[in-house]
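Here is a short note for someone opening this structure for the first time. Please keep the sequence and the 3D view side by side as you read.

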Amino acid sequence: MTSLDFHWFLPTNGDSRDIVGGGHGTPVGSAGGLRPLTIGYLGQIARSAEQLGFVGALTPTGAWCEDAWLATAMLAETTERLKFLVAFRPGLISPTLAAQMASTFQRLSGNRLLLNVVTGGESSEQRSYGDFLDKDARYERTAEFLGIIRALWRGETVDHNGKHLHVEGAKLARLPDPVPEIYFGGSSKAAGPVAAEHSDVYLTWGEPPAQVKEKLDWIRGLNPDLRFGIRLHVIARDTSEAAWAEADRLLKHVSPADIAVVQEGLRRSESEGQRRMLDLHGGSRDGLVVSPNLWAGVGLVRGGAGTALVGSHLEIADRIAEYADLGITEFILSGYPHLEEAYWFGEGVLPELRRRGLWNHPAGDTRHEAASIPFAGVAR
């Protein structure tokens, strides 16, 4: 089997030992954490992820977090190998400018750019940026946008007069080599054809395996050549009991009123993926284990990806293997706090996956012999 790729997450809305709000469908101002957002702290997370063997790191987009392009550009100099999966919204800037920005980032970072296309599932947030299209029209525009970008990256001179976008004589002076890969998520009927035509990796949020299989079969029917990725939180510990104790702690001080406020906002979301996340828990603390080791508690107080793999290192490795059997080859993970949880997973689960032949460190074999202690065992 091909080695699986693992990506981490850069919390550009702050970090905490508790669940930090934010994500799709949550109001501006509701996000934030106890650890102040600084380049120094984000750099710690990025360098740790690189050392542990993560291929890249997702940086989110939205009014609830810092700008992904600027944050990752500032972080590129703090790392050597780590790639940056930059989330961005087509249509908020010119496709020609976006193609140029991506080309510049790719070249100056040493080819470490990946792109996560977020069409936008919340009309109210889109309108705050000056975008007044409805959801289906946004997907139409995304298809035009990505078509223009792909043509520019091929070195073509582009004249395009579409329903939503119009450029004349567009051309890049310098082309990215290699072209950044495009990651694309979307569960609605409108999303599938766009993903099939324009993306390299189709992303799903962390649903139970049976639901993930159904979604992947749908996309395979549209394009059998796409790769697949999944977005999950993770709580990995030496024992199952310790992991579930941590999951319980994360919700211990969350009041029913807090949950009600967040759920009310999320129920207004236009995102089909968000609806599927809400259906897993129904806004209730009861029945949060929706599949073996798959916990929906994060989604009670956070929009977007709302499930976590919870368990011992061996149990989480088992669940990852199950998703891999469905065809998932890329895992985009996160955990609270992001610095410490990266080490729990990187030092606990990744070695087990390597033992099973499912993962290799992207920098090569970094295992070292045990350190010798001078004079140990020498008679005195």
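The points below cover the nonpolar cores and the aromatic pairs.

1. Status. This is a predicted model. Please read every point with that in mind.

2. Main core. The largest nonpolar core has 75 residues. Those with the most contacts inside it are F6, I320, Y323, F331, F345 and L353. Helix α5, residues 135–153, gives the most to this core. Its share is eight residues.

3. A closer view of L353. Which residues does L353 touch, leaving out those up to four places away in sequence? They are F6, A317, I320, L358 and W359. F6 and I320 are also on the list of residues with the most contacts inside the core.

4. Second core. A separate core has 22 residues. Among them are V254, A296, A305 and A308.

5. Aromatic pairs. The structure holds ten. One of them joins W8 and F54. The ring centres lie 5.2 Å apart, and the planes meet at 45°. That pair counts as tilted.

6. What the W8–F54 pair connects. W8 sits in strand β1, residues 5–9. F54 sits in the loop between α1 (39–52) and β2 (56–59). The pair therefore ties together parts that are 46 residues apart in sequence.

7. Buried or exposed? W8 has a relative accessible area of 0%, so W8 is buried. F54 is also at 0%, so F54 counts as buried. The cut-off for buried is under 20%.

8. Ring cluster. Ring pairs link W8 and F54 with F6, F331 and F345 into a cluster. F6, F331 and F345 also appear among the residues with the most contacts inside the largest core.

Methods: Residues numbered from 1 in each chain as written. Predicted model: local features only at pLDDT ≥ 70, side-chain atom pairs only at ≥ 80, totals over all residues. Heavy atoms only, no water. Core = buried A, V, L, I, M, F, W, Y, C linked by side-chain atoms within 4.5 Å. Buried < 20%, exposed > 50% of the residue type's maximum accessible area, 1.4 Å probe, protein only. Helix = DSSP H or I, 4+ residues; strand = E, 2+ residues; numbered from the N terminus. Contact = heavy atoms within 4.5 Å. Phe/Tyr/Trp six-rings, centres within 6.5 Å; stacked < 30°, edge-to-face > 60°.
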